[in-house]
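Here's a walk around one protein model, question by question. Have a look at it before we start.

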Amino acid sequence: MAALPVYRWRLAPDGYATRRQLRARGLRPGGQGVAAQLERPRRRRAPLVAYLYRVDLAKPVRPMTPARWAALAKANAARRTCPACGRDAGYVIPPTLGMCVPCAYPEQYAA
C-alpha cells in the first residue's frame, strides 16, 4: 500500500477537500478512500491530522426524503422526552442526568 501524500496546514493543492468542505459544497466522499492527509504541527504533541478527499470523485449529497425527515423528527422527540415523567421537556435531556431537570432535582421544583 502506497503512503498518502502529506501536506502542511493550509498548503493543500486545489482539488482536495475535507469532509466539512465537501459538505459545504453539497458533496460527499461517495465511497472513495482518503486521497491525502493534512498535518498541522503542534508543540510537544502529535500533529493535528485532517483527511482530504478528491473533489472530482465526490458525489452529490443524497436528498432528504419524507421518511428520513419523519425518522429524524421522531429521534429528536425521543431525545426530549423524559423517561421518568414521560413529558416533552422542551429541550434535549442531558445524558448526565438521564431525565428532565425537575425530575432530577424535585426538591428545587416542588411547588
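**A tour in questions**

Visitor: Is Tyr51 buried or exposed, or partly exposed?
Guide: At 45% relative accessibility, Tyr51 falls between the limits (buried is under 20% relative accessible area, exposed over 50%, partly exposed in between, with a 1.4 Å probe and protein chains only). One caveat up front: this is a predicted model, where local features need pLDDT of at least 70, side-chain atom pairs count only at pLDDT 80 or more, and totals for chains, interfaces and linings use all residues. Residues are numbered from 1 along each chain as its sequence is written, and side-chain values use heavy atoms, with hydrogens and water left out. So the verdict for Tyr51 is partly exposed.

Visitor: Which strand holds Tyr51, and which residues make the nonpolar surface patch with it?
Guide: Tyr51 is in strand β5 (strands are DSSP E runs of at least two residues, helices H or I runs of at least four, numbered from the N terminus). The patch covers about 300 Å² (Shrake-Rupley areas with a 1.4 Å probe, only the protein chains shown counting as cover for residues). Patch members have over 30% relative accessible area and no salt bridge; nonpolar side chains (Val, Leu, Ile, Met, Phe, Trp, Tyr) are joined within 5 Å and like charges within 9 Å. Besides Tyr51, the members are Leu4, Val34 and Val49.

Visitor: What is the strand order in the sheet?
Guide: Strands count as paired if DSSP finds at least two bridges between them. β4 (36-42) and β5 (45-54) run antiparallel with six bridges, while β2 and β5, also antiparallel, have two. The open, mixed sheet of four strands reads β1-β4-β5-β2.

Visitor: Why do β1 and β2 each have a side without a neighbour in the sheet?
Guide: β1 (6-8) and β2 (16-17) have a single partner strand each, so one side of each lacks a neighbour in the sheet. Put simply, both stand at the edges.

Visitor: Which residue in the β4-β5 turn has a positive phi?
Guide: The two strands form a hairpin with two residues between them. The one to look at has a phi near 60° and is not a glycine. At 85% relative accessibility this residue counts as exposed. That residue is Arg44.

Visitor: Which residues make up the largest nonpolar core?
Guide: A core is a set of buried Ala, Val, Leu, Ile, Met, Phe, Trp, Tyr and Cys residues joined through side-chain atoms within 4.5 Å. Leu22 belongs to this one, and beyond four places in sequence Leu22 contacts (heavy atoms within 4.5 Å) residues including Arg28 and Pro29. Ala17, another core member, stands opposite Tyr53 in β5. The six are Ala17, Leu22, Leu27, Tyr53, Val55 and Ala58.

Visitor: Is Thr18 buried or exposed?
Guide: Thr18 is in the loop between β2 and α1 (19-24). Beyond four places in sequence, Thr18 contacts Ala50, Tyr51, Leu52 and Tyr53. With a relative accessible area of 16%, Thr18 is buried.

Visitor: How many salt bridges does the whole structure have?
Guide: The test is a side-chain nitrogen of Lys or Arg within 4 Å of a carboxyl oxygen of Asp or Glu. Arg54 and Asp56 pass with their closest N and O atoms 2.8 Å apart, and Arg80 and Asp88 pass at 3.4 Å. The search finds two.
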